[in-house]
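Take a look at the structure below. This short report walks through a few of its parts.

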Amino acid sequence: MAHNKYSLAPGTVIAVWVGPIQHVGVVSDRIHGSHPSVISNSHRAGRVIEEPLPVFAGGRLVNVIGYLGNLSPQQVLQRARSRIGETWNLFWNCEHFVKWAHGLRPRSPQLVAGLILMCVFTGFLVAGGKK
């Protein structure tokens, strides 16, 4: 679904593709100019930040993922803002962050898929070296 700034309710999870990786964030209740802000665990910034939607998107198409959990928008935003400034790392990335903010188990399907691909690739390299 393409971005429509009027359909982005606070707490909604949105995403942009950054190369082969989908970067996700939580729509905030704060407005910068005519755009909502987004809270995300940003690899680019190296930490959890709240920034205007155009900065989060970086000129890329914004996709609406939806509302992930059963917490109220106020609870989601309170949880998200409690982590502002916390350092990004591979095992606490944007996917972990948005799921945690929504009260769900923090997990990153993209990280799991990447690790599986890396193991398969390594297996092929090892098997190929034994010939």
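## The start of a helix

Asn93 caps the N-terminal end of α3, with a side-chain oxygen 2.9 Å from the backbone nitrogen of Glu95. Keep in mind that this is a predicted model.

The helix α3 spans residues 94-101. It is mostly covered: eight of its eight residues are buried. Charged residues are on that list too, including Glu95 and Lys99. Just after α3 comes Gly103, which takes a positive phi of about 80 degrees.

## The largest nonpolar core

The largest nonpolar core has 15 residues. Val24, Val26, Ile39, Ala80, Phe97, Val98 and Ala101 touch the most other members. Four elements give two or more residues to this core: β1, β2 (21-32), α2 (73-81) and α3. Which of them gives the most? It is α3, with five residues. In soluble globular proteins, nonpolar side chains tend to be buried together.

Phe97 shows how such a residue is surrounded. Leaving aside neighbours within four places in sequence, Phe97 is in contact with Ile39, Ser40, Asn41, Val48, Ala80, Arg83 and Trp92. Apart from the largest core lies another one, of 10 residues. Its members include Ile14, Val38, Leu53 and Phe56.

## Two rings and two arginines

How many aromatic pairs are there? The count comes to one. The partners are Trp92 and Trp100, with ring centres 6.4 Å apart. Their planes meet at 70 degrees, so the pair is edge-to-face; the cut-off for that label is over 60. Both Trp92 and Trp100 are buried.

Trp100 also has charged company. Arg79 lies over the face of its ring, 4.1 Å from the centre. The charged end of Arg83 sits over the ring of Trp100 as well, at 4.2 Å from the centre. Arg83 is also among the contacts of Phe97.

## A threonine before the first strand

Thr12 lies in the segment before β1 (13-18). Is Thr12 buried or exposed? Its relative accessible area is 7%, so Thr12 is buried: the cut-off is under 20%.

The side chain of Thr12 reaches the backbone oxygen of Ala9 at 2.8 Å. Not counting residues up to four places away in sequence, Thr12 touches Gly25, Val26, Val27, Val64, Gly66 and Tyr67. One of these, Val26, belongs to the largest nonpolar core.

Key
Residues numbered from 1 in each chain as written. Heavy atoms only, no water. Buried < 20%, exposed > 50% of the residue type's maximum accessible area, 1.4 Å probe, protein only. Polar contact = N/O pair within 3.5 Å; in protein donor to acceptor, adjacent residues only side chain to side chain. Contact = heavy atoms within 4.5 Å. Phe/Tyr/Trp six-rings, centres within 6.5 Å; stacked < 30°, edge-to-face > 60°. Lys NZ or Arg CZ within 6 Å of the ring centre and 35° of its normal. Core = buried A, V, L, I, M, F, W, Y, C linked by side-chain atoms within 4.5 Å.
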